[in-house]
Amino acid sequence: MPKPAERLNRFSEYVFARLAKRVAEVEKRTGRKVLGFGAGSPDIRPSEKYLAAFAAAIQAEKAHLYPGYGATPAFAEALGRWYQKRFGVLLNRDEVVPLLGAKDGTSHLPLALLDDGDEMLIPNPGYPGFSGSLIMYGMKPVYYPLTADCRLNVAAIEPLVTSRTKAIVVNFPSNPTGQVATLEELTAVVAFAKKYNIVLVYDNAYAEIAFDGYRAPSILEIPDAKDVAVEFGSFSKTYSFAGYRMGWMVGNADVCRALLQVKSQIDSGMSLPLQALAVVALTETDLEWHEAMIREYTRRRDIIAQKLKLLGLTFELPRAGLYIWARIPDDAPSSEEFCMKLLEERHILLTPGSAFGSHGERYVRVSICVNIDAIDTYF
Ligand code: PLP
């Protein structure tokens, strides 16, 4: 084959692809299954009600047609009603973009907002999906620090702003830390984005995965946030639809238009059966299923937490999201070595915190999206 593009040398393999290969190698060599607390891939079967609705939607008369680029009227209306009920936020039709998962948004929005060499502020530690695509495109991630307990601190971000800064990404409930944000912190970051005239990209993919009575806000609850902000949402975690690839971006209409323009060159929209499924999920939510899912994640979180203490890890229990963010013992050489030793010796996979940025060193991320029926045989 001819030499592949130079840009492939700018970024390394996606961290979870790399870890999956390592796990396969260990399993093949030892013949023993690895208990993987790596990826945040929801394993709980979706509600039967949604599966039936999806099956019916595939059979519909025009289901096979190209769906068009934006939202169907039914999708936009359903999401609008859901935002109003859930967050007290009103959305216009031109403030809604259906996505093939939130990652479709995180990876393509830079093409709509940044030119070559422009900068985007990215949380450190943060979801690797925020920076990999930027680097691939020849744009520049500028990593901003969080407080010691992984909260947002606008004062620490201000010195990083340059004339090339075009946007800031903020993600709470956070992957990887499980930390959440207060309305005061969100108000401060909206004011920050307005002050520097940059776009605020709020990733709210974990808004509906909350424990112990916690309720995650939307950035659009902040008055006039739509002047500068857009928000990503995802069906992957909330409904266990990760493989179906469904999400949205809502907020500033100019940014929505710009993203649709980019996406019109890249994909051909969210299929009609998936948009029909989204309408059912948003408007006829199976509350019983959702409550059972949260109960199950809470149960797993608490059992996994007990086991992690046996490994000498220290952490706070997360109030939202799908991860425990834990500090490794002081005598461990690094988060990568800690994880690789655990994988080799005990067939347990955790993700090294360094995979989420330099400030993730000395930490590991532990996914609670794991069937733990056999957990006792590993600890
Ligand atoms: N944003 C964050 C913070 C995530 O952790 C993830 C997935 O793990 C995504 C976006 C991607 O979600 P989706 O499956 O909707 O593409």
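**Ligand shell and a three-stranded sheet**

In this predicted model, a nitrogen atom of the ligand sits 2.6 Å from an N or O atom in the side chain of Asp203. The protein covers 93% of the 390 Å² of accessible area that the ligand has on its own. Two further polar approaches involve oxygen atoms of the ligand. A polar side-chain atom of Lys237 is found 2.9 Å from a ligand oxygen, and a polar backbone atom of Ala102 is 2.7 Å from an oxygen atom of the ligand. For readers setting up a calculation on this site, it may help to see the shell in full: the ligand is surrounded by Gly101, Ala102, Lys103, Tyr127, Asn171, Asn175, Asp203, Tyr206, Ser234, Ser236, Lys237 and Arg245. By residue class, this shell divides into three nonpolar, five polar and four charged members. Two helices, helix 4 and helix 8 (235–238), each supply at least two residues of the shell.

Ala102 deserves a closer look. This residue belongs to helix 4, which spans residues 102–113. With a relative accessible area of 10%, Ala102 counts as buried, because that value is under the 20% cut-off. Leaving aside residues up to four places away in sequence, Ala102 touches Phe232, Gly233, Ser234 and Gly247. One of these contacts, Ser234, also appears among the residues surrounding the ligand. On a longer sequence scale, Ala102 and Lys263 are 161 residues apart along the chain, and their C-alpha atoms are separated by 13 Å.

Another part of the model offers a small sheet. Three strands form this open sheet in the order 9-12-11, with antiparallel pairing. Strand 9 (323–327) and strand 11 (351–352) stand at the edges with a single partner strand each, so one side of each has no neighbour in the sheet. What, then, encloses strand 9? Four of its five residues are buried, so strand 9 is largely enclosed by the rest of the structure.

The pairings themselves can be followed strand by strand. Strand 9 pairs with strand 12 in the antiparallel sense over five bridges, and Tyr323 has Ser367 of strand 12 as its bridge partner. On the strand 11 side, two bridges make the join to strand 12 (residues 363–367), and these two strands also run antiparallel. Here Pro352 has Val364, in strand 12, as its bridge partner.

Definitions and conventions
Residues are numbered from 1 along each chain as its sequence is written. This is a predicted model: local features need pLDDT of at least 70, side-chain atom pairs count only at pLDDT 80 or more; totals for chains, interfaces and linings use all residues. Side-chain values use heavy atoms; hydrogens and water are left out. Buried means under 20% relative accessible area, exposed over 50%, partly exposed in between (1.4 Å probe, protein chains only). Contact means heavy atoms within 4.5 Å. A residue is near a molecule or strand if one of its heavy atoms lies within 4 Å of it. A polar contact is a pair of N or O atoms within 3.5 Å; within protein, one must be able to donate a hydrogen and the other to accept it, and residues adjacent in sequence count only if both atoms are side-chain atoms. Accessible areas come from the Shrake-Rupley method with a 1.4 Å probe; for residues, only the protein chains shown count as cover. Ala, Val, Leu, Ile, Met, Phe, Trp, Tyr, Cys and Pro count as nonpolar, Asp, Glu, Lys and Arg as charged, and the others, Gly among them, as polar. Two strands pair if DSSP finds at least two bridges between them.
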